[in-house]
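The following note sets out numbered remarks on the model for a colleague's consideration. It proceeds from the overall fold to individual residues.

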Amino acid sequence: MPFSRLATATTPTVHIGLGLAAVGRPGYINLGREADLPAERTVDALRTRTHDLLDAAYAQGVRYFDVARSYGRSEEFLADWLGARPDIDDVVVGSKWGYTYTADWSTDAERHEVKDHSLATYERQRAETAELLGDRLDLYQIHSVTPDSPALTDKELHAGLAEAAAQGLTIGFSTSGPAQADAVRAALAVTVDGEPLFRTVQSTYNMLETSAAPALAEAHDAGLTVIVKEGMANGRLAEPHAPQALKAVAAETGLGCDAVALALILRQPWAGVVLSGAATLNQLASNLHAAVVDLDEDQLTRLATLVEEPQAYWERRGQLPWH
């Protein structure tokens, strides 16, 4: 397991990873993007921003970097960064397949990505990822598995993934939607020749959306590394959008709402890596303070009142515009 490398690290930020969804393409659904990124979001501008973030994250102890085929040029940007730093050999790199980026570097495209979990898409995107990341890729995840995903039942696909695993690639999956727990449990039951196929799971979990927690605990107990995405609820837990209860707790800690939001996730015993989706250096620095946030029982109780029903949470997420 590539994540065993992280177990030997002693920096407090080692359990925080950097996801490049927000900076690998000009449009995304995070709140506040209009102020976070340059007005002219050229490929070169976002490449530079991505490299600056990777430099800062690595210098501060971050060792997991997360990209995807559908995150615009995120794989390319990360590959460029790694290629220019051949001495860096202690990072873990994860990517995802299953969505195709279709916006052609536009922020107002009718569709930004198309989902397809077929074997043909896996084979095409695996080759595309290999061309960019080569042997630097450690983890390849099925992107956004839901309970009805054919990726859970396609035996030919499972055989192809198992072959990649036999060649040294770690195979994982990510989830989304109000039935994440069901998807996690269904994926845990997938085996090839009697052996579990998946070794990691990446799910949305934050103080507004906690429904996947029991299933993620089961995945952890089964030996999977759990990666948490969207810990900031696509910006809903950051200033100025954060709920009042979160703002009050953040004021008491003397740190940002984002640090408190991520710290709450780091407290979960099943959370292996918690992703920062920072788009600016200031956001990254603030996110990394999560490693030193100490929350007391009263603060935890107040934050627990913010939990939403999964259906309501995902309906609101689905209404967020691409900026």
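**Remarks on the predicted model**

1. The structure, which is a predicted model, holds 17 salt bridges. Three of these are discussed individually below, after the barrel and its strands.

2. The strands β1-β2-β3-β6-β7-β10-β11-β12 form a closed barrel of 8 strands with parallel pairing. From one strand to the next, the twist averages 25 degrees. Helix α7 (residues 180–188) packs on this sheet and touches β6 (139–145), β7 (170–175) and β10 (200–204). The direction of helix α7 makes about 160 degrees with that of β7.

3. Strand β1 deserves separate comment. With strand β2 (residues 64–66), strand β1 (residues 16–19) pairs in the parallel sense over 2 bridges; Gly19 has Asp66 in β2 as its bridge partner. With strand β12 (residues 273–276), β1 pairs in the parallel sense over 3 bridges, and here Gly17 has Leu275 as its bridge partner.

4. Is β1 covered on its faces or open, and which residues lie on each side? Both faces are covered: Ile16 and Leu18 lie on one side, Gly17 and Gly19 lie on the other, and all of them are buried.

5. Strand β6 contains Ser144. Ser144 counts as buried because its relative accessibility is 8%, against a cut-off of under 20%. When residues up to four places away in sequence are not counted, Ser144 touches Tyr99, Lys115, His117, Ser174, Thr175 and Ser176.

6. The salt bridges are taken next. Side chains of opposite charge can pair when their charged atoms come close. The side chains of Arg5 and Asp138 meet in such a bridge, at 2.7 Å from N to O. Arg5 belongs to helix α1 (residues 4–7) and Asp138 to the loop between α5 (119–133) and β6, so this pair ties together parts that are 133 residues apart in sequence. As for accessibility, Arg5 is partly exposed at 34% relative accessibility, whereas Asp138 is buried at 11%.

7. A salt bridge also joins the side chains of Asp80 and Arg47, with an N to O distance of 2.4 Å. Asp80 lies in helix α4 (residues 74–83) and Arg47 in helix α3 (residues 43–59); the pair therefore ties together parts that are 33 residues apart in sequence. Asp80 is partly exposed at 32% relative accessibility, while Arg47 is buried, its relative accessible area being 19%.

8. Which elements does the salt bridge between Glu218 and Arg185 tie together? Glu218 is in helix α8 (residues 213–221) and Arg185 is in helix α7, so the bridge ties together parts that are 33 residues apart in sequence. The closest N and O atoms of this pair are 2.8 Å apart. Glu218 is partly exposed, with a relative accessible area of 35%, and Arg185 is likewise partly exposed, at 35% relative accessibility.

9. Finally, which residues are joined into one network by salt bridges that share partners? They are Asp44, Arg47, Arg73, Glu76 and Asp80. Both members of the pair in point 7, Asp80 and Arg47, thus appear in this network.

Key
Residues numbered from 1 in each chain as written. Predicted model: local features only at pLDDT ≥ 70, side-chain atom pairs only at ≥ 80, totals over all residues. Heavy atoms only, no water. Pairing = 2+ DSSP bridges. Helix = DSSP H or I, 4+ residues; strand = E, 2+ residues; numbered from the N terminus. Axes fitted to C-alpha atoms, helices over the stretch in contact; angles between N-to-C directions. Contact = heavy atoms within 4.5 Å. Salt bridge = Lys/Arg side-chain N within 4 Å of Asp/Glu carboxyl O. Buried < 20%, exposed > 50% of the residue type's maximum accessible area, 1.4 Å probe, protein only.
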